[in-house]
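Here are a few notes to help you find your way around this one. Have the model open while you read.

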Amino acid sequence: MATQPRAWQRMLSGRRLDLLDPTPMDIEIEDIAHGLAFVARWNGQTHGDYAYSVAEHSLLVETLFARIAPSTGPKWRLAALLHDAPEYVIGDMISPVKAAVGPDYGHLDARLTAAIHIRFGLPAQLPVAIKKQIKRADRISAWMEATRIAGFSEAEANRFFGRPNPVLMEGLDILLRPPVETRKAYTERYLALISAL
């Protein structure tokens, strides 16, 4: 009788996360911060001496979300910080690859997202309004990344991500730094948000 292929990954914390049936008990912020700090956005096709990580992107999205929805509290800002958290185990697939893989990727992402949310005191499914605001911040971040480090013209970025309000991006930049620094910044931001709940 054939054995089932392994569907779990051992984390640096020692946790064993089952990707097909993830439980909140097997999720630790240290594993998320570490994984995301080492996962490159844009498949690593960006200018600079360091890859632009998903952790760095998540920090920017959380900042943009706070500008879009300034009256929201730390709970929803935490949701913005964690918006790409499943990528600590499944990686960051660019949109064309997600389209090619099909709905299975989306199902896997949704299961992991629900477990992560529950682990950190968020609802498994975010309210639609919050999800839309996070998505808006995500698209602004993608526009900034595309035009500043991924070689897109503004016209191309506008076509793919929409034209962002410049006021929301004022004073913000794309940071490229060593993964260990980004991991520390991500963890510190998580701790600040959790302590404010």
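1. Let's begin with a single pair: the side chains of Arg41 and Glu145 make a polar contact at 2.7 Å. Keep in mind that this is a predicted model.

2. Where does Arg41 sit? Look in the loop that runs between helix H1 (29-37) and helix H2 (54-68). Despite being in a loop, Arg41 counts as buried, because its relative accessibility is 10% and the cut-off for buried is under 20%.

3. Arg41 has plenty to touch besides Glu145. Leaving out residues up to four places away in sequence, its contacts include Thr46, Tyr52, Ser53, Val54 and His57, and also Asp84, Asp92 and Ala142.

4. Now step back to H1, which is mostly covered, with seven of its nine residues buried. Those are Ile29, Asp31, Ile32, Ala33, Gly35, Leu36 and Ala37. What lies over them includes H2, helix H4 (87-90), helix H6 (103-119) and helix H10 (179-196).

5. Ile32 turns up again in the largest nonpolar core, which has 59 residues. Ile32 is among those with the most contacts inside that core, along with Leu82, Tyr88, Phe120, Met144 and Tyr186.

6. Met144 is worth a click too. Setting aside neighbours within four places in sequence, Met144 is in contact with Leu60, Leu64, Ile149, Met169, Leu172, Asp173 and Ile174.

7. Last, the record: an unreviewed UniProt entry annotates residues 50-152 as "domain: HD/PDEase". That stretch is 70% helix and 0% strand, and its end C-alpha atoms are 18 Å apart.

Definitions and conventions. Residues are numbered from 1 along each chain as its sequence is written. This is a predicted model: local features need pLDDT of at least 70, side-chain atom pairs count only at pLDDT 80 or more; totals for chains, interfaces and linings use all residues. Side-chain values use heavy atoms; hydrogens and water are left out. A nonpolar core is a set of buried Ala, Val, Leu, Ile, Met, Phe, Trp, Tyr and Cys residues joined through side-chain atoms within 4.5 Å. Buried means under 20% relative accessible area, exposed over 50%, partly exposed in between (1.4 Å probe, protein chains only). Contact means heavy atoms within 4.5 Å. UniProt positions are given in the numbering used here, feature names are shortened, and annotations may be inferred rather than shown by experiment. Helices (H or I, at least four residues) and strands (E, at least two) are DSSP runs, numbered from the N terminus. A polar contact is a pair of N or O atoms within 3.5 Å; within protein, one must be able to donate a hydrogen and the other to accept it, and residues adjacent in sequence count only if both atoms are side-chain atoms.
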